Amino acid sequence: MELSFKHQIGLVCIILLFPALCYCQEYTKSRATFYSTSDGYGTPTGACGFGEYGRKMNWYDGSVAGVSGLWRNGVGCGTCYQVKCLIEKLCDENGAYLVATDQGYGDNTDFVMSPRAFTELGRDENAYEELKKYGTVDIEYRRVPCTYTGNVVFYIKETSSNPGYFAVVLLNVNGINDVTAVEMWQSGEWKALNRNYGAVFDFANPPSGEIRLRFKVSGLSDWVDPKIVIPSYWQPGSTYVTEVQLK
């Protein structure tokens with residue numbers, strides 16, 4: 001029998017042979033609501049700065065949410081959670097696996113979920129329709145490792161200008177890893193980029209020619225070398241796939 005991804009994730013933390021690989025966080029009680037979109041996906045205007053990518057977030061296929069306290073001044077952008085509602089007759093036992101892509105507030109909620117994410121809370125379509133009538137539901141949630149497909153990607157924001165201004169977002173940051181800093185090599189030394197907003201780091205007057213970056217994540221003590229350089233002809237809206245895949 002082939003298990004769905006939701007059920008596969010549910011098995012991860014019972015693998016006793018590899019406890020070091022198991023991240024099991026206690027659940028926190030809270031509340032969640034949802035917002036509406038025409039196609040059920042997230043919004044490209046989320047405060048994390050993910051743009052169009054933020055509508056689906058890789059294979060998560062639109063299971064995204066705005067968060068309040070978990071926002072953490074943008075450090076929480078791109079983090080992943082398991083969210084389960086608490087109405088036994090309606091709620092799926094595994095709930096929704098989603099990505100924080102926006103800042104959002106409801107009625108004492110921690111999550112304002114996309115329609116696709118909120119759908120995952122219900123046992124079936126009928127249960128989902130009943131949950132919608134509640135509007136806001138009691139939940140429990142925990143942070144879980146992100147499992148994006150592919151390597152870390154540098155996404156050059158459309159607000160950038162070559163030359164003159166450089167803004168970048170890191171995508172596909174797997175595991176339990178917060179992006180805490182990004183640096184650029186300039187004039188023989190590493191210089192810090194500024195967290196402009198959400199997941200967007202920027203640098204005024206970047207060097208001409210190739211751009212070399214490194215970044216820091218909370219789960220590792222050393223700086224991460226992406227093992228690529230961004231070419232001198234970079235353009236706003238471009239993406240560059242690194243040779244690094246975090247776990």
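**Note on helix α3, two buried residues and an open sheet**

1. In this predicted model, helix α3, which spans residues 125–134, has A127, Y128 and L131 as its buried residues. Because these three cover an arc of only 100° around the axis, they are placed on the same side of α3. This fits the general pattern that an α-helix has 3.6 residues a turn, so residues three or four places apart point the same way.

2. As for what lies around the helix, the buried residues of α3 pack against β3 (80–85), α2 (115–119) and β6 (137–144). The face of α3 that is turned away from this buried side carries N126 and K133, which are exposed.

3. Both ends of the helix deserve a look. At the start of α3, a side-chain oxygen of D124 comes to within 3.2 Å of the backbone nitrogen of N126, while just after α3 there is G135, which takes a positive phi of about 80°.

4. Strand β3, one of the elements against which the buried residues of α3 pack, contains Q82. Is Q82 buried or exposed? With a relative accessibility of 2%, Q82 counts as buried, because the cut-off for that class is under 20%. The side chain of Q82 makes a polar contact of 3.0 Å with the side chain of Y27, and a further polar contact, of 3.1 Å, joins the side chains of Q82 and Y97. Leaving aside neighbours within four places in sequence, Q82 is in contact with Y27, N94, A96, Y97, E140, Y141, R142 and V144.

5. G175 is found in the loop between β8 (165–171) and β9 (179–186), and this glycine is buried, with a relative accessible area of 5%. Which residues does G175 contact, once its neighbours within four places in sequence are left aside? They are V144, P145, C146 and K247. For C146, the separation from G175 is 29 residues in sequence, whereas the two C-alpha atoms are 4.8 Å apart in space.

6. Strand β8, which precedes the loop holding G175, also belongs to an open sheet of five strands, ordered β11-β12-β8-β7-β14 and paired in antiparallel fashion. The edge strands are β11 (194–197) and β14 (239–241), each of which pairs on one side only. Neighbouring strands of this sheet are turned against each other by 35° on average, with direction ignored.

7. At the β11 edge of this sheet, three bridges join β11 to β12 (residues 200–204), and the two strands run antiparallel. Within this part of the sheet, Y197 stands opposite V200 in β12.

Note on methods
Residues numbered from 1 in each chain as written. Predicted model: local features only at pLDDT ≥ 70, side-chain atom pairs only at ≥ 80, totals over all residues. Heavy atoms only, no water. Pairing = 2+ DSSP bridges. Helix = DSSP H or I, 4+ residues; strand = E, 2+ residues; numbered from the N terminus. Axes fitted to C-alpha atoms, helices over the stretch in contact; angles between N-to-C directions. Buried < 20%, exposed > 50% of the residue type's maximum accessible area, 1.4 Å probe, protein only. Arc of directions from axis to C-beta. Contact = heavy atoms within 4.5 Å. Polar contact = N/O pair within 3.5 Å; in protein donor to acceptor, adjacent residues only side chain to side chain.
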